[in-house]
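Trainee: I'd like to learn how to read a protein structure, one feature at a time. Can we go through one together?
Mentor: Sure, let's put it on the screen and start with a word we'll need.

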Amino acid sequence: MSPFDSLSLKVHKDAVAGWVLSFQAHPRSKSDLGNGQFYGFHGSRSSQFPSKDNAIFIQNGSHLASTYCALAILKIVGYNLSNIDSASMLTSMRSLQQSDGSFMPIHIGAERDLRFLYCAAAICFMLNNWNGMDREKAKEYILNCQSYDGGFGLTPGSESHGGAAYCAIASLRLMGFIGDDCLSNASALSSKANIQSLLDWSLQRQVADGGIQGRPNKASDTCYAFWIGATMGTLGANKFIDERGLRSFLLTCQSEYGGFGKFPKELPDLYHSYYGLAAFSILGEAGLKPLCLELGLTEGAATGL
């Protein structure tokens, strides 16, 4: 019997959707769309500051990562995204894309790397509207992030990293530059990413304890079973993973209190619990739904079915 066979959870979906929607930033008028601000979702109440006079939320601290998470949550609970003011969101999101194709996550200035480019690609994909970004520029930035060793860094010239590899390949997939099982489909390599070199680098991330590390000389970590596993899955290379070894490692990270920790015998947290379950889904564990790998959601949530 799978340890997930009896897993059940009840969520008040309308309440969740209403709470998430309360974090969306809205322009006061169409003319505000040219002011350089991004009208996406805030991550929490702490970035929504009311005015002293009438308690109307006026400070816009919306963020690309928060917007990706908000839309993903709404899809999970079955909310119809066509009800969202996506035009303002996507129009203003273009101002976050930089001349090199990368994205800042917030309009007031911040770091820019593959994480936020991925968020932008996922937002456009979920809204089925690519007006929020220049895909060709984004593709060039991604390709510039591939390193000499085959992996991807978060920025051009930086150290290869499992999370960056996922952001790169998932973004290329969402943007339509690589298709299903691109290892066996030569035409899919039009992105000019060195897929074989990336596969070699990714395979070296599974180490002796069966777990997967995010970078060379680092310990195995629950979440990288998803970041690397999903990257290989998107490439059509799941068969190269030592599934028995990875499953054994993940189970050592499962806490007696419930959930998963980062490492064996560590206390569980929500982040690693989610990606632990996601990794088990990639492994085909009974009782878990299959994933849309490039969005990190179940296929049912991703397609709305």
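Mentor: A residue is called buried when its relative accessible area is under 20%, exposed when it is over 50%, and partly exposed in between. Take Lys 262: its relative accessible area is 30%, so Lys 262 is partly exposed. Keep in mind that this is a predicted model.

Trainee: Okay, what is the overall pattern of the protein chain along the sequence?
Mentor: Reading along, you get α-α-α-α-α-α-α-α-α-α-β-β-α. That comes to 11 helices and 2 strands. The chain has 305 residues, and 50% of them count as buried.

Trainee: And how much of the contacts with a separation of 6 or more comes from residues 24 or more positions apart?
Mentor: Those account for 61% of such contacts. As for the outside, the accessible surface is about 14900 Å², with 52% of it belonging to carbon and sulfur atoms.

Trainee: Let's go inside, then. Which residues touch the most other members of the largest nonpolar core?
Mentor: The general idea comes before the case. In soluble globular proteins, nonpolar side chains tend to be buried together. Here the largest nonpolar core has 88 residues, and the ones touching the most other members are Leu 64, Leu 71, Met 93, Phe 152 and Met 175. Helix H4 gives the most to this core, with 12 residues.

Trainee: Can we look at a single helix? Which residues of H7 are buried?
Mentor: H7 covers residues 195-203, and its buried residues are Ile 195, Ser 197, Leu 198, Leu 199, Trp 201 and Ser 202. They pack against helix H6 (162-174) and helix H8 (224-234). Check the start of H7 as well: a side-chain oxygen of Asn 194 comes within 3.0 Å of the backbone nitrogen of Ser 197.

Trainee: Next up, charges. How many salt bridges does the count come to?
Mentor: Side chains of opposite charge can pair when their charged atoms come close. In this model the count is 6 salt bridges. One of them joins the side chains of Glu 136 and Lys 139, at 3.5 Å from N to O.

Trainee: How are Glu 136 and Lys 139 placed in helix H5?
Mentor: Start with the helix itself. An α-helix has 3.6 residues a turn, so residues three or four places apart point the same way. Glu 136 and Lys 139 are 3 residues apart in H5 (residues 135-144), which means they are separated by about one helical turn. Glu 136 is partly exposed at 44% relative accessibility, whereas Lys 139 is buried at 11%.

Trainee: Which parts of the chain does the pair Arg 215 and Glu 159 tie together?
Mentor: Their side chains meet in a salt bridge of 3.2 Å, N to O. Arg 215 sits in the loop between H7 and H8, and Glu 159 in the loop between H5 and H6, so the pair ties together parts 56 residues apart in sequence. Arg 215 is partly exposed, at 25%, and Glu 159 is partly exposed too, at 48%.

Trainee: Where does Lys 262, from the start of our chat, come in?
Mentor: Lys 262 meets the side chain of Asp 221 in a salt bridge of 2.5 Å, N to O. This pair links distant parts of the chain: Lys 262 is in the loop between helix H9 (243-252) and helix H10 (270-282), while Asp 221 is in the loop between H7 and H8, 41 residues apart. Asp 221 is buried, with a relative accessible area of 2%. There is also a network of salt bridges linking Glu 111, Asp 113 and Arg 115.

Trainee: Why don't Cys 69 and Cys 119 form a bond?
Mentor: A disulfide needs two cysteine sulfur atoms within 2.5 Å. The closest cysteine sulfur to that of Cys 69 is in Cys 119, and at 6.9 Å it is too far for a bond. The disulfide count here is 0. Cys 69 is partly exposed, at 38%, while Cys 223 is buried, at 4%.

Trainee: One last residue: is Gln 98 buried or exposed?
Mentor: Gln 98 is buried, with a relative accessible area of 17%. Its place is in the loop between helix H3 (86-93) and helix H4 (114-127). The side chain of Gln 98 makes a polar contact of 2.9 Å with the side chain of Arg 112.

How values were computed. Residues numbered from 1 in each chain as written. Predicted model: local features only at pLDDT ≥ 70, side-chain atom pairs only at ≥ 80, totals over all residues. Heavy atoms only, no water. Helix = DSSP H or I, 4+ residues; strand = E, 2+ residues; numbered from the N terminus. Buried < 20%, exposed > 50% of the residue type's maximum accessible area, 1.4 Å probe, protein only. Polar contact = N/O pair within 3.5 Å; in protein donor to acceptor, adjacent residues only side chain to side chain. Contact = heavy atoms within 4.5 Å. Areas by Shrake-Rupley, 256 points an atom, 1.4 Å probe, with all protein chains shown as cover. Core = buried A, V, L, I, M, F, W, Y, C linked by side-chain atoms within 4.5 Å. Salt bridge = Lys/Arg side-chain N within 4 Å of Asp/Glu carboxyl O.
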